[in-house]
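User: I've just opened this one and I'm new to it. Could you walk me through why things get the labels they do?

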Amino acid sequence: EFLDTRSVLESRSSMGKRHRDNIYSGNTINKDGHSALTKYFFGKDSNKKLTLDDFVVFMDGLKQDVFRMEFNKYEPVDGKIREQDFAHLLLLHATLSNQAKAKFIRRVKKAYKNEEDSKGITFDQFMTFNHFLDHLDDVEILVSVYFAAGMKFNKASLKQVAHVVADVELDPHIIDVVFTIFDDNGDELLSNREFISVLKERAHRGLEKPSDTGFVRLITALGACVASYVKGEEL
């Protein structure tokens with residue numbers, strides 16, 4: 001079932017098809033269809049059962065590894081990256097013009113050009129913010145309520161929304177940097193929803209685009225199947 005699901009999802013994009021058909025030399029898919037991922041989940045002889053707990057552990061570890069690679073790309077000093085590096089990470093997959101991205105980056109550079117203003121961003125702060133992004137659909141609903149009611153969405157609002165929706169405490173410095181990026185007129189308010197669309201693109205990391213190999217959809221489908229199986233066993 002896993003192999004059938006993988007084949008279907010890979011067939012939905014050109015890059016996925018190339019991986020499926022072994023066009024790329026040196027990939028991890030064998031001719032018999034057993035990939036390293038298949039062996040990891042089900043064992044060398046494919047007789048191991050994949051439990052929900054094992055899958056959750058795998059996903060948590062995978063996400064942390066991806067976040068660590070992204071973070072280390074900017075060569076942290078004393079365990080911290082610069083505020084402008086964090087801004088680059090947020091804007092990396094945004095469908096904005098290069099000019100618009102450059103404007104945001106310049107704003108952050110200007111705000112944190114002095115050593116006393118720049119505190120840097122730790123990996124833990126970066127991880128917490130990414131956990132917040134996991135709940136972005138719910139965040140968008142609450143932000144929409146703020147705007148629809150004519151309420152001001154300030155730094156305290158973002159902190160409260162993160163706490164209520166994602167059960168995380170965003171570091172005040174992270175919040176300051178986010179507002180530096182998206183607060184166009186410097187009134188410490190977010191008066192438009194552009195930041196939500198940018199954060200959504202950050203959360204997806206560009207993998208919702210047609211060049212996706214199907215891996216993300218595969219993992220999502222597999223997680224749903226495992227969860228459904230566990231529920232059936234409990235009935």
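Analyst: Sure, here is a chat about the labels and the values behind them. One thing up front: this is a predicted model.

User: What does the chain's secondary structure come to?

Analyst: There are 12 helices and 2 strands. Starting at the N terminus, the order is α-α-α-α-β-α-α-β-α-α-α-α-α-α. The chain has 235 residues, and 37% of them are buried. For contacts between residues at least 6 apart in sequence, 69% link residues at least 24 apart.

User: Why are helix 4 and helix 7 called oblique to each other?

Analyst: Look at the angle. The axes of helix 4 (residues 52-72) and helix 7 (residues 123-133) cross at roughly 125° and come within 11 Å. Roughly perpendicular covers 65 to 115 degrees and roughly antiparallel starts over 145. The angle fits neither label, so the pair is oblique. The crossing of these two helices is right-handed.

User: Which residues make the contact between helix 4 and helix 7?

Analyst: Helix 4 brings Gln-64, Phe-67, Arg-68, Glu-70 and Phe-71, while helix 7 brings Phe-123, Phe-126, Met-127 and Asn-130. Sorted by class, the contact of helix 4 with helix 7 has 5 nonpolar, 2 polar and 2 charged residues.

User: What makes Lys-63 partly exposed?

Analyst: Lys-63 sits in helix 4. Its relative accessibility is 29%. Buried needs under 20% and exposed needs over 50%, so Lys-63 lands in between and counts as partly exposed. The C-alpha atom of Lys-63 is 9.5 Å from that of Met-127, although 64 residues separate them along the chain.

User: Why is helix 9 called oblique to helix 10?

Analyst: Helix 9 and helix 10 pack at about 120°, with axes 10 Å apart. That angle is past the 65 to 115 range for roughly perpendicular and is not over 145, so helix 9 is oblique to helix 10. Helix 9 passes helix 10 in a right-handed crossing. On the helix 9 side the contact uses Lys-155, Leu-158 and Lys-159, and on the helix 10 side Ile-175, Asp-176, Val-178 and Phe-179. By class, the contact of helix 9 with helix 10 has 4 nonpolar, no polar and 3 charged residues.

User: How many residues are in the largest nonpolar core, and which have the most contacts inside it?

Analyst: It has 44 residues, and Phe-86, Phe-129 and Phe-132 have the most contacts inside it. Elements giving two or more residues to this core include helix 5 (83-91), helix 6 (98-111) and helix 8 (136-148). Helix 10 gives the most, with 7 residues. Leaving out residues up to four places away in sequence, Phe-86 touches Ile-81, Ile-121, Phe-126, Phe-129, Ile-174, Val-177 and Val-178. There is also a second, separate core of 6 residues, with Leu-37, Phe-41, Phe-55 and Phe-58 among them.

User: How do you know that Glu-75 is exposed?

Analyst: The relative accessible area of Glu-75 is 63%. The bar for exposed is over 50%, so Glu-75 clears it. Glu-75 belongs to the loop between helix 4 and strand 1 (80-81). Its phi is near 50°, a positive value in a residue other than glycine.

User: And what makes Asp-167 count as exposed?

Analyst: Asp-167 has 62% relative accessibility, and exposed means over 50%, so the label fits. Asp-167 is in the loop between helix 9 and helix 10. Phi of Asp-167 is near 55°, again a positive value in a residue other than glycine.

Conventions:
Residues are numbered from 1 along each chain as its sequence is written. This is a predicted model: local features need pLDDT of at least 70, side-chain atom pairs count only at pLDDT 80 or more; totals for chains, interfaces and linings use all residues. Side-chain values use heavy atoms; hydrogens and water are left out. Axes are lines fitted to C-alpha atoms, for helices over the stretch in contact, and angles run from 0 to 180 degrees between N-to-C directions. Helices (H or I, at least four residues) and strands (E, at least two) are DSSP runs, numbered from the N terminus. Angles under 35 degrees count as roughly parallel, over 145 as roughly antiparallel, 65 to 115 as roughly perpendicular and the rest as oblique. A crossing is left-handed if the near helix is turned anticlockwise from the far one by less than a right angle, and right-handed if clockwise. Contact means heavy atoms within 4.5 Å. Ala, Val, Leu, Ile, Met, Phe, Trp, Tyr, Cys and Pro count as nonpolar, Asp, Glu, Lys and Arg as charged, and the others, Gly among them, as polar. A nonpolar core is a set of buried Ala, Val, Leu, Ile, Met, Phe, Trp, Tyr and Cys residues joined through side-chain atoms within 4.5 Å. Buried means under 20% relative accessible area, exposed over 50%, partly exposed in between (1.4 Å probe, protein chains only).
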